[in-house]
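User: I'm new to reading protein models, and I'd like a close look at one helix in this one. Could you walk me through it slowly, then show me a few other spots?

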Amino acid sequence: MSISKLSSVLATTYENFPKGRFITLVVLRTTHSETIFRTEGSGEPMCSEFVQAGLEGENQKTIIQRLVMTKRKQVAPERRYGREHLRAHELLYTNPKDGSLCSLNTNSPCEMCVDCFLYGFAAGGGGAQKSRIWTEDAFSILSASDVVGDRTINAIYETGTMRDEKGNASTALNTSEYIKPGVHFLDVVTLKDVTADELRYIIGNILFTSRYGAVSSRVGRMENQILGVFGSITELPSSLELVQATYDVLGKPLEHPLNINQLITASKQVIANWKNKRGVSVQLSEEELANLVTDIETNWSEAERDNFLKRLTQSYESFRQVAPEKNKGKGKGKVKNTPVEVEI
């Protein structure tokens, strides 16, 4: 079983103090529809950065603008996916301060559910838990100019025209950038001191989340694949290093749409060299990786999901602490019977 091969870098149970166990996931993210990654608002361009095209030769000297899938754009949808199932199985807790159910972006975490223990939380005036899922920006293989298009957006009236009953022209006309279908992002996700069930939960969130970015109810369809799993005592090369090294290996010229099989082959050729880098002790083979994915799909299946999520929730039982109520009257309006020395 592939999970057992990772035992040297897996925690047997959740612990408050880190012990230097790292599991690295190499993830390929591919858009299957128009997708939008940008900061909220109107008129902003797609998230992008100017970086070296590659790490060797002329590629090292060439600067290109690559699209960026920011870390928040990755983690937020995946976190919400896991929370959907925690909610469905009644495994979210209430906040002891105000009695509200655990929720994101409300400064009201329960501090006791699977999501809080794994992805972390920061309660205003209360406790905090650092996330054990370390993410970074994912970069596109091809340059932004090759994979970004423009779309004109309009909203017509019920008459089927851009003018209302009084003949006034509609102002709902806009041009917006979008990422084309078939664009590939390579990503490195690092997990710190996780247990076997936590690993199943995190990878399940990655594999089963299918919508990312803005306007995700209409666009943003994406498929995620795990290309490699490593165990080590430190972090492995970054997402940018992986993209640049893969770009060096791919044959030129490159154009959109990029053949996904060629990209996977090139990426695996690059990460195969990580076996002897930076304290790597474990690398799953192709067969072991397939078995790991099968194991995760089994635990997330309809038949096993309830037992799996409850087992994972139960693993934190001894670490859950309900914050004691503060003495609201402490130090207010009280007179201490303390002897006072008076100088005469």
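Analyst: Let's start with a bit of vocabulary: the expected span of a helix is 1.5 Å times one less than its number of residues. Keep in mind as well that this is a predicted model.

Now take helix α9, which covers residues 286-299. The helix has 14 residues, and from its first C-alpha to its last it reaches 20 Å. That is close to the 20 Å expected at 1.5 Å a residue.

Which residues of α9 are buried? They are L289, L292, D295, I296 and N299. To count as buried, a residue needs a relative accessible area under 20%. If you look down the axis of α9, the buried residues fall within an arc of 115°, so they line one face of the helix. And what does that set of residues pack against? The partners are α1 (2-5), α6 (196-208), β11 (222-232) and α10 (305-314).

One of those partners, α10 (305-314), leads us to H89, since H89 touches R305, D306 and L309, leaving out residues up to four places away in sequence. You'll find H89 in the loop between α3 (71-88) and α4 (114-119). Is H89 buried or exposed? With a relative accessible area of 19%, H89 is buried, as the cut-off is under 20%.

Compare that with another loop residue, L55, placed between β2 (48-52) and α2 (57-61). At 35% relative accessibility, L55 counts as partly exposed. Here's a neat thing about L55: Q244 is 189 residues apart from L55 in sequence, yet the two are 5.8 Å apart in space, C-alpha to C-alpha. Setting aside neighbours within four places in sequence, L55 is in contact with Q60, E241, Q244, A245 and D248.

Last stop, the empty spaces. Rolling a probe the size of a water molecule over the atoms shows where empty space is left. In this model, a search of the whole structure finds three cavities of 30 Å³ or more. The largest cavity holds about 50 Å³ of space. Its lining is made up of S140, I141, L142, V147, G182, V183, H184, H256 and L258. Strand β7 (residues 138-143) gives the most to that lining, with three residues. Sorted by class, the lining of the largest cavity has five nonpolar and four polar residues, and no charged ones.

Note on methods: Residues numbered from 1 in each chain as written. Predicted model: local features only at pLDDT ≥ 70, side-chain atom pairs only at ≥ 80, totals over all residues. Heavy atoms only, no water. 1 Å grid on protein atoms, 1.4 Å probe; cavity = no way out; pocket = protein on both sides within 12 Å on 5 of 7 lines; lining within 4 Å. Points joined across faces, edges and corners; volume = space filled by probe spheres on them. Helix = DSSP H or I, 4+ residues; strand = E, 2+ residues; numbered from the N terminus. Nonpolar A, V, L, I, M, F, W, Y, C, P; charged D, E, K, R; others polar. Buried < 20%, exposed > 50% of the residue type's maximum accessible area, 1.4 Å probe, protein only. Arc of directions from axis to C-beta. Contact = heavy atoms within 4.5 Å.
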